[in-house]
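Hi,

Here is the structure I promised to send over. Have a look at it first, and then read on for my notes.

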Amino acid sequence: MQAPIILTGDRPTGKLHIGHYVGSLRQRVEAQHHYRQFVMIADLQALTDNGHDPARVSGNVLEVMADYLAAGLDPAKTTFCLQSALPALPELTSYYLNLVSVARLERNPTVKAEIQQKGFERSLPAGFLVYPVSQAADITAFRATHVPVGEDQLPMLEQANEIVRRFNALVGREVLTECQPILSDTGRLPGIDGKAKMSKSLGNTIELGMSEEAIRQAVFAMYTDPNHLRVSDPGQVEGNTVFAYLDAFHPDKALVAEMKAHYRRGGLGDMRCKQLLNDCLQSLLAPMRARRQQALADRGELLRLLRQGTEQARIITAAVLAEVKDAMGLNCFP
Ligand code: TRP
């Protein structure tokens, strides 16, 4: 059996936040000790909904690199790469586009939801509709077997595997490799306002590099149970953001369970719960903030790390592209 290869990526449209951390960064930090791992800064993909603002994308590449190091990804164990510097990816995308129908792309539930959320109904960029195909190129170009992602990315992996099967059937042999997800054991983290998703564009995030004071403010402004008016009132834990975060981050599960019971009975105030969460997030994020600052103090070194990984990735992805072309007989000039 082939040794596992992990690939993940992030769109560089802003700084990474604790939703990214529980959804995927945490798994990557663990995985890097056991597996070959590539982490891609997906700037091409980020342009599919930021075509009007390329500076937003290019301006966040090193911010995301700094976030990776802050979260604990180690350049000696994880290979970082930049999507736009890997020409094999758009080439593979062009070939795969012929194996996918527009109707199939329009049925992708994540793309569908994003189109609605971004108000693209009447002005959908063509690149956005086909970004799952470009993501299939990312995944297959590294022969990734495992992809640590949030749940919203499952349709992308399904679509990638469909392309793999179709291509392999077409050429009559196993040229491309299917992948499987590595899902987080924590569900999706809500925003601090209680909305279903933590997202930069909703302004409800806690970023990995946030100052101590900004974290405190975010925690104390957090959405709880709107009907829990007096400390003595029984409170609701379901849908209560503070408890969702305590579940995701607090190491002492027994303590959290006991607090939930107390909150439900009444007699436990929001302030005490928020204080506990604040302490827990401060101790998680303080070392990340320090590593982030240190990383950004030497942008030349950050760029060097990214370039070094990208060179390796260029060789690997070019080899897969060559095999794909060869399998299709596109090898007039070998
Ligand atoms: N679509 C992913 C996201 O928005 C980013 C991404 C791009 C990715 N290419 C990838 C994730 C390849 C996993 C594998 O978060």
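To start away from the ligand: in which loop is Ala196 found? Ala196 belongs to the loop between strand S5 (180-183) and helix H11 (212-220). Before you zoom in there, please keep in mind that this is a predicted model. Ala196 has a relative accessible area of 58%, and because the cut-off for exposed is over 50%, Ala196 counts as exposed. If you want a partner to click on, try Gly239: the two are 43 residues apart in sequence, and their C-alpha atoms are 9.5 Å apart in space.

Now the ligand, which I guess is what you'll open first. The ligand sits in the largest pocket. Around it you'll find Leu7, Thr8, Gly9, Arg11, Ala42, Gln45, Gln135, Asp138, Val147 and Gln153. By type, that shell splits into three nonpolar residues, five polar ones and two charged ones. Two elements, strand S1 (5-10) and helix H9 (131-141), each supply at least two residues of the shell. S1 gives the most, with three residues.

For the polar side of things, look at the nitrogen atoms of the ligand. Gln135 has a polar side-chain atom 2.8 Å from a ligand nitrogen, and for Asp138 the distance from a polar side-chain atom to a ligand nitrogen is also given as 2.8 Å. In the side chain of Gln153, an N or O atom is 2.9 Å from a nitrogen atom of the ligand. As for cover, the ligand on its own has 370 Å² of accessible area, and the protein covers 88% of that.

H9 deserves a look of its own. How many of the residues of H9 are buried? Eleven of the eleven are, so H9 is largely enclosed by the rest of the structure. The buried residues include Gln135 and Asp138, both of which also belong to the shell around the ligand. Others on the buried list are Tyr131, Pro132, Val133 and Ile139, among them an aromatic name or two you may want to colour.Just after H9 comes Arg143, whose phi is positive, near 55 degrees. Arg143 has that positive phi although it is not a glycine. You'll find Arg143 in the loop between H9 and strand S4 (146-149). Is Arg143 buried or exposed? With a relative accessible area of 16%, Arg143 is buried.

A few other spots, in case you're browsing:

- Thr78 is in strand S3 (residues 78-82). At 2% relative accessibility, Thr78 counts as buried, and its side chain makes a polar contact of 2.9 Å with the side chain of Gln32.
- Phe243 is in helix H12 (residues 241-249) and counts as buried, at 1% relative accessibility. Phe243 and Thr78 are 165 residues apart in sequence, and from C-alpha to C-alpha they are 33 Å apart in space.
- Gln294 lies in helix H14 (residues 270-296) and is exposed, with a relative accessible area of 62%. Gln294 and Ala66 are 228 residues apart along the chain, with 8.6 Å between their C-alpha atoms.

If you only have a few minutes, I'd go to the ligand and its three side-chain partners described above, Gln135, Asp138 and Gln153, and then follow H9 along to Arg143.

Cheers

Terms used: Residues numbered from 1 in each chain as written. Predicted model: local features only at pLDDT ≥ 70, side-chain atom pairs only at ≥ 80, totals over all residues. Heavy atoms only, no water. Near = heavy atom within 4 Å. Polar contact = N/O pair within 3.5 Å; in protein donor to acceptor, adjacent residues only side chain to side chain. Areas by Shrake-Rupley, 256 points an atom, 1.4 Å probe, with all protein chains shown as cover. 1 Å grid on protein atoms, 1.4 Å probe; cavity = no way out; pocket = protein on both sides within 12 Å on 5 of 7 lines; lining within 4 Å. Sits in = over half its atoms within 2 Å of the grid points. Helix = DSSP H or I, 4+ residues; strand = E, 2+ residues; numbered from the N terminus. Nonpolar A, V, L, I, M, F, W, Y, C, P; charged D, E, K, R; others polar. Buried < 20%, exposed > 50% of the residue type's maximum accessible area, 1.4 Å probe, protein only.
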